[in-house]
Amino acid sequence: MTAPILAAQGLSKCFGSRKVIDGVELNASRGEIVGIVGPGGAGKTVLLKLLAGLITPDEGTVHAFGNDFAGLDADQRAAVWERFGVLFQNYALFDFMTVGENIGFPLEQRRRGDEVGKGAAAAARSAEIASRVAVRLREVDLPGTQHLYPNELSGGMKKRVALARATIADADVLLYDDPTAGLDPVTSSKIFALIERLHPVRTGITVVVSHDIDRMLPVCQRFILLDKGRIRFEGDRAAADRSTDKMVRTFFDSSARLSGSDKTPIGVHRQFSSIELLSLKGGRCSPPSSLEYAPSGAQSKQGGGLRRKLRGVRSISILSDPLSEPTADEPTADEPTADEPTAASRVSR
Ligand SMILES: Nc1ncnc2c1ncn2[C@@H]1O[C@H](COP(=O)(O)OP(=O)(O)O)[C@@H](O)[C@H]1O
Ligand SMILES: [Mg+2]
């Protein structure tokens, strides 16, 4: 067993009086792709930020490459962060930079002394960066969009630009927060294929938080189900299949998620609360045989009502192309908090 690349021990985090991460233990070893799933508000995003050393735990430690984040000075921390690539749930793109500049930014940050300025080495490096950006843009299906600014992009496009930026510098730790939220099925499959292909299998790890269980199943070797800040389940797909825990079954058993909603209304609810950008539209039919959903930016605050309405539902249609809609982030404060670096400082390190 190799030493873990990332190791969290006894991790807890409170916001005010609410404990949102509660005693989490997690080790990810070289070559692993770990999937984190759980209901909205379970603490997935907070856990990912703790693992990235972007927020400080109240209790416990996070070690990256054997270094305790808490014991590192700013330079040491920056050196560790150089080995991280993070796709944030809210994209965290720089709005004053073009798509090309956003994606190339991590490489710009890594220019060596002789590659800065106007010399031949600098020009060669600029050309190389431009070429890598162009290749990655083609891979995320956005060829030739270098000159656009983030405010000219749909939510789905921003997501793909953020993925390109997270992966451009061949990081050893790739952390993705909901990389396919709001994307259409074809693009989502391409994104997961890319996540698998860009996984640093020999040098590092990938951790992906997602609701897209069907696409995670073939890609992730190990899963963590987070519920109310605690690890409810940890194991591989076979262990998930064997589990008799209703919540585990709800998340991992696609037949429980896609049918039998009379028996497992929670399961259906979970699936749809998990596509958090979708909110109920219409749905007055009683008893409903089908419901229509549309991205609206509203959150699924209607929890109980949604659950009731979903009972007996057999088919769900999604109205309008989610790709053309900005994805609504979960009802969390995704803006940096006092102990959290700004997006700019996160990426520039
Ligand atoms: N910076 C913050 N300040 C206060 N509460 C927060 C903050 N970030 C997250 N939370 C709360 O922590 C809980 C877990 O959030 P999060 O990790 O975003 O959940 P999710 O599993 O949906 O990603 C939520 O109740 C959220 O409101
Ligand atoms: Mg989240």
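In what order do the 4 strands of the open antiparallel sheet lie? Select them along the sheet and the order reads S2-S1-S4-S5, with antiparallel pairing. Strands here are DSSP runs of E with at least two residues, helices are DSSP runs of H or I with at least four, and both are numbered from the N terminus. Two strands count as paired if DSSP finds at least two bridges between them.

What is open in the viewer is a predicted model, in which local features need pLDDT of at least 70 and side-chain atom pairs count only at pLDDT 80 or more, while totals for chains, interfaces and linings use all residues. Residues are numbered from 1 along each chain as its sequence is written, and chains are lettered from A and ligands numbered from 1 in the order in which they are written.

**Whole chain**

Colour by secondary structure: the chain has 13 helices and 13 strands. Of its 349 residues, 41% are buried. A residue is buried if 20 or more other C-beta atoms lie within 10 Å of its own, exposed if 12 or fewer, and partly exposed in between, with C-beta atoms placed from the backbone. Two residues are in contact if their C-beta atoms, placed from the backbone, lie within 7 Å. Among contacts between residues at least 6 apart in sequence, 69% join residues at least 24 apart.

**The four-stranded sheet**

Return to the sheet S2-S1-S4-S5. Its edge strands are S2 (18–29) and S5 (67–68), each of which pairs on one side only. Next select S1 (residues 4–15) and S4 (residues 59–64), which run antiparallel and are joined by 5 bridges. Leu6 has Ala64 in S4 as its bridge partner.

Move on to S4 and S5, also antiparallel, with 2 bridges between them. Here His63 has Asp68 of S5 as its bridge partner. The two strands form a hairpin with 2 residues between them, and Phe65 in the turn has a positive phi of about 50 degrees.

**Helix H1**

Select H1 (residues 44–51), which lies across S1, S2 and S4 and runs at about 125 degrees to S1. Such angles run from 0 to 180 degrees between N-to-C directions, and axes are lines fitted to C-alpha atoms, for helices over the stretch in contact.

Within H1, pick Val46. This residue is buried, with 23 other C-beta atoms within 10 Å. Beyond its neighbours within four places in sequence, Val46 is in contact with Lys13, Val20, Ile21 and Ile55. Add Gly229 to the selection: its C-alpha atom is 9.1 Å from that of Val46, although the two residues are 183 apart along the chain.

**The six-stranded sheet**

Now show the open sheet of 6 strands, ordered S6-S7-S8-S3-S9-S10, with mixed pairing. S6 (84–87) and S10 (230–235) each have a single partner strand, so one side of each is left without a neighbour in the sheet. From one strand to the next the twist averages 15 degrees. S6 pairs with S7 (residues 173–177) in the parallel sense over 4 bridges. Leu87 is opposite Tyr176 in S7. H1 packs on this sheet as well, touching S3 (33–37), S7, S8 (205–209) and S9 (222–227), and its direction makes about 155 degrees with that of S8.

**The core**

A nonpolar core is a set of buried Ala, Val, Leu, Ile, Met, Phe, Trp, Tyr and Cys residues joined through C-beta atoms within 7 Å. The largest one has 70 residues, of which Leu47, Leu50, Leu51, Ala162, Val173, Leu175 and Val207 touch the most other members. H5 (residues 155–167) gives the most to this core, with 6 residues. Centre on Leu51: outside its neighbours within four places in sequence, this residue is in contact with Leu6, Ala8, Val62, Leu175 and Val207.

**Helices H3, H4 and H5**

Finish with H3 (residues 99–109) and H5, whose axes come within 7 Å and cross at roughly 30 degrees. H3 and H5 are therefore roughly parallel (under 35 degrees; over 145 is roughly antiparallel, 65 to 115 roughly perpendicular, and the rest oblique). At this interface, Val99, Asn102, Ile103, Phe105 and Pro106 of H3 meet Val161, Ala164 and Arg165 of H5.

Add H4 (residues 120–139): the axes of H3 and H4 come within 9 Å and cross at roughly 125 degrees. That makes the pair oblique. Gly100, Ile103, Gly104, Leu107 and Glu108 of H3 make the contact with Ile129, Arg132, Val133, Arg136 and Leu137 of H4.
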